[in-house]
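Visitor: Could you walk me through the charged pairs in this one?
Guide: Sure, let's take a look.

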Amino acid sequence: MIFETIVVTRSAAGEKHITPLGIREQDGLTVLAPFRPSTTLDNLLATRCATVNFTDDVRVFAGCLTGRRAWPLTASEQVGTPRLDGALTHRELEVVRVEDDELRPRVFCRVVAQRSHAPFRGFNRAQAAVIEAAILVSRLHMLSPDKIDAEREYLRIAIDKTAGPAEREAWGWLMDRIDRHRGASMPGEGA
């Protein structure tokens, strides 16, 4: 099972990096598997810590994939990496081992602190659609135009029926990103 989260890492120089990342749990450890190359992977290897943040603000997922990474952070308790200020729950992680892989190494982490900050009321259909659209945007380079269009139209149903202002804003960011991708990949257009 994969849980969609927001992961915060920091570089050796102290620069913070916020990104959506699906996590798994295995043998009592949290497993992160960022693609290579990535800032997240570089930071995990350099500082050996991260925070995993569970949030229902889907704008963070959409924002990170559309160039909006300036989300408020708060100091964590046990690791040198901050947590997402608006997280409902967060985990502070220390890297215990890395299984190297050419494409997607698996980084196994021990939870050194976990705190709940607000109740999780569940996702409505629009929030789930935004998360799925964010995943779609993260894979635009791997998908055919027909697949992108079919997914977008299917997900739009949930947006039209159940979205509030935050979900509509996040959806708009993602649709703009898809449109820019599609425009750049059309013959005779782009740079």
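Visitor: Which residues are linked in a network of salt bridges?
Guide: Asp149, Arg152, Asp179 and Arg182. A salt bridge here is a side-chain nitrogen of Lys or Arg within 4 Å of a carboxyl oxygen of Asp or Glu.

Visitor: Is this a predicted model, and what are the ground rules?
Guide: It is a predicted model: local features need pLDDT of at least 70, side-chain atom pairs count only at pLDDT 80 or more, and totals for chains, interfaces and linings use all residues. Residues are numbered from 1 along each chain as its sequence is written, and side-chain values use heavy atoms, leaving out hydrogens and water.

Visitor: Back to the network. How far apart are the closest N and O atoms of arginine 152 and aspartate 179?
Guide: They are 2.7 Å apart. The pair links helix α4 (residues 145–162), which holds arginine 152, to helix α5 (residues 165–185), which holds aspartate 179. Helices are DSSP runs of H or I, at least four residues; strands are runs of E, at least two; both are numbered from the N terminus.

Visitor: Arginine 152: buried or exposed?
Guide: Buried, at 11% relative accessible area. Buried means under 20%, exposed over 50%, partly exposed in between (1.4 Å probe, protein chains only). Aspartate 179 is partly exposed, at 41%.

Visitor: New topic. What does arginine 91 pair with?
Guide: Glutamate 25, at 2.5 Å, N to O. Arginine 91 sits in strand β7 and glutamate 25 in strand β2, so the bridge ties together parts 66 residues apart in sequence.

Visitor: How many salt bridges are there in the whole structure?
Guide: The search finds 13.
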